[in-house]
Amino acid sequence: MGEYLFQVEKLTTGYGDIQVLWGVDLDVQAGEIVCLVGSNGAGKSTLLRCISGLLPPMGGRILLRGKHLSLAKPDEILEAGIAQVPEGRRLFSAMSVRNNLLMGAYLRRDGMGAIQKDLEFVFGLFPILSERIRQSAGTLSGGEQQMCSIARGIMSKPALLMIDELSLGLAPLVVERLSEALLQVNQSGISILLVEQDVMTAFELARRGFVLESGRVTLSGPTSELANNPTFQEAYMGI
């Protein structure tokens with residue numbers, strides 16, 4: 001077991017008077033891929049919005065390398081090392097692929113040489129993006145847009161990359177290619193928190209998992225153990 005890179009402790013949040021998360025605990029160790037699974041409406045995207053600073057917490061703590069980020073602004077959280085690949089891609093559709101990628105690097109202070117090196121890295125992961133470099137992002141296929149969104153997240157040089165619904169609306173072959181790329185991203189030193197409805201995809205990538213139900217973590221542990229848990233099998237694997 002490695003050191004904790006990222007921790008959420010007793011996190012609560014919601015929208016107005018409606019509480020969505022109830023004392024959520026979650027952690028990611030350095031160099032790890034962790035998945036968060038659960039049904040629609042469980043609070044998975046709300047948790048990521050809170051971590052990213054788009055939704056203020058009502059209580060609890062968010063820490064990266066021990067640094068408290070609970071009240072930080074979105075740009076401060078990104079600069080600290082947490083990037084999110086949002087559900088539905090959310091690219092700048094009228095901008096070119098290249099400019100979308102450079103937008104991911106807008107807070108970096110390490111110079112164009114380092115940024116160019118990371119551009120080459122993401123083009124190595126997703127060669128089709130280099131072929132589409134001057135093409136408007138809105139004209140890409142769904143799979144290509146997801147590649148561009150992931151690459152944009154990588155361009156911020158995060159310690160933790162959070163991905164909301166990797167496989168949503170994509171063909172199995174495309175999901176397989178994206179999964180292979182994420183393993184390479186992880187091997188490069190980036191930890192990953194994967195939020196995913198497709199349990200099989202999530203468990204193929206992640207060593208540990210958390211199950212979110214009605215805003216609460218109800219199960220957690222190695223994905224190999226969760227996959228053999230009768231309650232989990234019945235609820236999420238149709239067994």
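**Exercise 1. Helix α1 and the open sheet**

Task: State which strands helix α1 lies across, and at what angle to β1.

Solution. In this predicted model, helix α1 covers residues 44-51. Helix α1 lies across β1, β2 and β4. Its direction makes an angle of about 110 degrees with β1. Angles of 65 to 115 degrees count as roughly perpendicular.

**Exercise 2. Order and edges of the sheet**

Task: Give the order of the strands in the open sheet and identify the edge strands.

Solution. Step one is the order: four strands follow one another as β2-β1-β4-β5, with antiparallel pairing. Step two is the edges: β2 (18-29) and β5 (67-68) each pair on one side only, which makes them the edge strands.

Step three looks at the pairing of β1 with β4. Strand β1 (residues 4-15) and strand β4 (residues 59-64) are antiparallel and share five bridges. Within β4, L64 stands opposite F6, and L63 stands opposite Q7.

Step four moves to β5. Strands β4 and β5 run antiparallel and are joined by two bridges. L64 has K67 of β5 as a bridge partner, and L64 also stands opposite F6.

**Exercise 3. Residues with a positive phi**

Task: Locate R65, K157 and E165, and say what phi each has.

Solution. As background, most residues other than glycine have a negative phi. The three residues are taken in turn.

- R65 sits in the turn of the hairpin formed by β4 and β5, which has two residues between the strands. Its phi is positive, about 55 degrees.
- K157 is in the loop between α6 (142-154) and β7 (160-164). The phi of K157 is positive, near 60 degrees.
- E165 is in the loop between β7 and α7 (172-187). The phi of E165 is positive as well, near 60 degrees.

Task: Is E165 buried or exposed, and why?

Solution. The relative accessibility of E165 is 6%. The cut-off for buried is under 20%, so E165 counts as buried.

**Exercise 4. Packing of α6 and α7**

Task: Describe how α6 and α7 are placed relative to each other.

Solution. Start with the geometry: the two helices pack at an angle of about 15 degrees, and their axes are 10 Å apart. Angles under 35 degrees count as roughly parallel, so α6 and α7 are roughly parallel to each other. The crossing of the two helices is right-handed.

Next come the residues of the contact. From α6 they are G143, Q146, M147, I150 and I154, and from α7 they are V174, L178, L182 and V185. By type, seven of the contact residues are nonpolar, two are polar and none is charged.

**Exercise 5. Strand β8 and its partners**

Task: How many residues of β8 are buried, and which way do they point?

Solution. Strand β8 spans residues 191-195, and five of its five residues are buried. In a regular strand the side chains alternate between the two faces of the sheet. In β8, S191, L193 and V195 point one way, while I192 and L194 point the other way. The residues on both sides are buried.

Task: Which strands pair with β8, and in what sense?

Solution. Strand β3 (residues 33-37) runs parallel to β8 and is joined to β8 by four bridges. In that pairing, L36 has V195 as its bridge partner. Strand β7 also pairs with β8 in the parallel sense, over five bridges. There, M162 has L193 as its bridge partner. L193 and V195 point the same way from β8.

Definitions and conventions. Residues are numbered from 1 along each chain as its sequence is written. This is a predicted model: local features need pLDDT of at least 70, side-chain atom pairs count only at pLDDT 80 or more; totals for chains, interfaces and linings use all residues. Side-chain values use heavy atoms; hydrogens and water are left out. Buried means under 20% relative accessible area, exposed over 50%, partly exposed in between (1.4 Å probe, protein chains only). Two strands pair if DSSP finds at least two bridges between them. Contact means heavy atoms within 4.5 Å. Axes are lines fitted to C-alpha atoms, for helices over the stretch in contact, and angles run from 0 to 180 degrees between N-to-C directions. Angles under 35 degrees count as roughly parallel, over 145 as roughly antiparallel, 65 to 115 as roughly perpendicular and the rest as oblique. A crossing is left-handed if the near helix is turned anticlockwise from the far one by less than a right angle, and right-handed if clockwise. Ala, Val, Leu, Ile, Met, Phe, Trp, Tyr, Cys and Pro count as nonpolar, Asp, Glu, Lys and Arg as charged, and the others, Gly among them, as polar.
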